[in-house]
Structure formats: C-alpha cells, structure tokens
Amino acid sequence: MQNFQDVQRAATALREAIEAAQGPSALPLGACRLDANASADADAPIGIVLGTGLSYLADKLQDRVVVPYADLPGFPVSSVEGHAGAFVWGRFPGACGEDDCIGRYAIIQQGRCHLYEGRSPAEVCMGVRVMAALGAKKLIITNAAGGLNPQFDAGGIMCMTDVINHTGHSPLTGFNCEEWGPRFPDMCAPLDPELRALALETASKMNLRLERGVYIGVHGPEMETPAETRMYRQWGADAVGMSTVLEIIAARHMGMRVLGLSCLTNKNLPDCMTPAPLEEILAVAAVAGKNLGRLIRAMVTKL
Ligand code: HPA
C-alpha cells in the first residue's frame, strides 16, 4: 500500500520543525529551499541514511537541527539498539574549510526501521520519501553488512555496484503513486555510476580501501545459515544485510540518484561460520563508521 498522504504530513512537519528552529531567512542564498519542486540540483540537500551504529557523521554537521522521528506524525521509530531515531538537518563545511564558507546542506536519517521489526515496506521507505519531498535528489544510503566475499575484511567499506532484493517484498506493491514515479521503474542501474566513480576516486585520494560489490538484502532478523550464505555467494552477492534494498527501489522510483555504502562488520564464510553478535557488529561499525563518515564528508563538496 502506498502512503502518499502520510509522507506529505511527515515531510510538512519536518520542514516546519527545521524552519522553526532555524528560520527560513537563516538559509543562505542559493541554499536549498526544502521544496521538492524548487531546488535546483546543485542547491538541493543531499539525503543520507545512516544505518546500524553509523550515527557519527550526523554529529559533524554545522547549524544542526535535530528532529526526533517521534515528533513527526506517523513516522516509524526503530526499536533496534544502535539506531538513533531522528532526522538531522545541517550543512557540511564548505570546500575551503572556513566556518563561514557555505557547504552543502544535508538531511540525514539517523537510524531506520526494518521489515523484521514488523514494519511494512511503506514504513521502511518513509524516510527516503520524506527526504525526496524536502528536495533531496541524491541519496547516500549506508548500512552494516556481513561480508560474503572472502577477500573482504571486517572493518572495511564496500561501495555497492548492484543489489539483490531477497526480502520477498517491494515498496511499489499496490496502486502506483504517479506523483512519485512510473508503474514499472527501470532498474538497469539502481546505484549511480557517476556517484560511485566519485566515491572510488575520493577514497583512493584518501588512501582508504573501498571494496566494490553486490549487496543482497534479506528479511531477517535471524542471521544466515551456512547453506544460505553459500547460496547468496553463488548468486553473486558480496555482502548481506537486512535493510537498504527497499529504500533503493523507492528512491529510484522517485528518480533519485543513489550511492550505497556498506560497513562490513563481520565475515560470513559458509565453511567457518562464527556467530556475529550485535555488540560485535556495533563495535566494528563504530570504527568503520568513522572512515565512512570521512569519505562522505570528503565527497559531498563535489556532489
Ligand atoms: N547478516 C545480515 N545482516 C547483517 C550482518 C550479517 O552477517 N552483519 C551486519 N548486518
């Protein structure tokens, strides 16, 4: 089921909360206008979704406005440890690094809800749709994932080249919401090649190793069995997680350009499976999340 009215209501409440905290006139000339129809591409805010344990980046924004999901009508709050529940609005420092140098505005979703919490695909995708309603045209989506490619190390970062939706759901089921996009959206390139090239180039300049690979999204919450792990690898997946794929589908449906980055928090090798408890995933995400944050900060000035 589509929830266009709910998304509009939550987006309006978020816009009003940001403007109340900052005042519309506080937005510098040329900065985004929090309006899906008004923003030119270069002025539009960057939408960023921060997954499990990856909240670090949101603390780095300037002129921050934090709006808890609980303050937005109908917006789902995550029940999962490691998922802060708030939108953070603000700007990254400009390219020259001076405080008064106006950088790129961003709207960050700090934490998300999941299918395995009993949330619907519409609820899972509400954050991305709200960000689009506020004018975001580019989306950087992150998550914690298990590495399936034996060459990947825990603590590394993978730039998604493609995705496999193995959740059994689509956020586009039901009538098509024409305001958002077409009935049969193309999925030839769910992840944007130009944004990926920029991420790889930026990482290389920073001497940061950035893997490339296919992310498979599963329903969860149980972790994968050895047989499933072997099968996902044979299907061509390099990392597995319980989020992201539905949000990418919703974002592409609305015409957003998407960059996907996974923090590889553990290794999933079918012949030597070891448990990956949440505490361990959070501890690795906290470290890898800093590198991920550095990479995104270095990239945004060029978006
Ligand atoms: N499997 C599924 N989801 C995950 C994993 C994993 O190994 N690690 C982090 N999120």
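# From a loop to the ligand

Ser120 has a relative accessible area of 29% and is partly exposed; buried means under 20% relative accessible area, exposed over 50% and partly exposed in between, with a 1.4 Å probe and protein chains only. The model is predicted, with local features needing pLDDT of at least 70 and side-chain atom pairs counting only at pLDDT 80 or more, while totals for chains, interfaces and linings use all residues. Residues are numbered from 1 along each chain as its sequence is written, and side-chain values use heavy atoms, with hydrogens and water left out.

Ser120 sits in the loop between strand 4 (105-110) and helix 2 (121-124). Helices (H or I, at least four residues) and strands (E, at least two) are DSSP runs, numbered from the N terminus. From C-alpha to C-alpha, Ser120 is 9.9 Å from Pro76, and the two are 44 residues apart in sequence.

Two further residues have an unusual feature in the backbone to look at. Asp63 is not a glycine, yet its phi is positive, about 50°. Asp63 belongs to strand 2 (residues 62-68) and, at 42% relative accessibility, is partly exposed. Asn207, also a residue other than glycine, has a positive phi near 60°. The loop between helix 4 (193-205) and strand 7 holds Asn207, which is exposed at a relative accessible area of 75%. Strand 7 (210-218) is followed by the loop that leads to helix 5 (226-234), and Pro221 is found in that loop. The peptide bond from Gly220 to Pro221 is cis, with omega near 5°.

Now move to the interior. Leu50 lies in strand 1 (residues 46-50) and is buried, its relative accessible area being 1%. Gly111 is 61 residues away from Leu50 along the chain, but their C-alpha atoms are separated by 5.7 Å. Leaving aside neighbours within four places in sequence, Leu50 is in contact (heavy atoms within 4.5 Å) with residues including Ser55, Leu57, Ile108, Gly111 and Thr142.

Thr142, one of these contacts of Leu50, is in strand 5. Thr142 is buried as well, with a relative accessible area of 0%. A polar atom of the Thr142 side chain lies 2.8 Å from the backbone oxygen of Val49. Beyond residues up to four places away in sequence, Thr142 touches Val49, Leu50, Gly51, Leu54, Arg112, Thr244, Leu261, Leu292 and Ile296.

The largest nonpolar core has 49 residues, of which Leu14, Phe87, Ile107, Val130 and Leu139 touch the most other members. A nonpolar core is a set of buried Ala, Val, Leu, Ile, Met, Phe, Trp, Tyr and Cys residues joined through side-chain atoms within 4.5 Å. There is also a second, separate core of 31 residues, with Cys159, Leu210, Ala288 and Ile296 among them. Back in the largest core, Leu139 has contacts that include Gly47, Ile48, Val49, Val128, Ala251 and Leu259, when neighbours within four places in sequence are left aside.

Ala251, one of the contacts of Leu139, is among the buried residues of helix 6. Helix 6 (residues 245-253) is largely enclosed by the rest of the structure, because 8 of its 9 residues are buried. These are Val245, Leu246, Glu247, Ile248, Ile249, Ala250, Ala251 and His253. After helix 6 comes Gly255, with a positive phi near 80°.

Which residues surround the ligand? They are Ala144, Ala145, Gly146, Met223, Glu224, Val240, Gly241, Met242, Thr265, Asn266, Asn268 and Ile281, each with a heavy atom within 4 Å of the ligand. At least two residues of this shell come from each of strand 5 (138-147), strand 8 (239-241) and strand 9 (257-267). Strand 5 gives the largest share, 3 residues. By type, the shell has 6 nonpolar, 5 polar and 1 charged; Ala, Val, Leu, Ile, Met, Phe, Trp, Tyr, Cys and Pro count as nonpolar, Asp, Glu, Lys and Arg as charged, and the others, Gly among them, as polar.

Three residues of the shell can be followed to nitrogen atoms of the ligand. A polar side-chain atom of Asn266 lies 2.7 Å from a nitrogen atom of the ligand. For Thr265, a polar side-chain atom is 3.5 Å from a ligand nitrogen. With Gly146 a backbone N or O atom lies 3.3 Å from a nitrogen atom of the ligand. The ligand taken alone exposes 260 Å², of which the protein buries 94%, with areas from the Shrake-Rupley method and a 1.4 Å probe.

How values were computed:
Polar contact = N/O pair within 3.5 Å; in protein donor to acceptor, adjacent residues only side chain to side chain.
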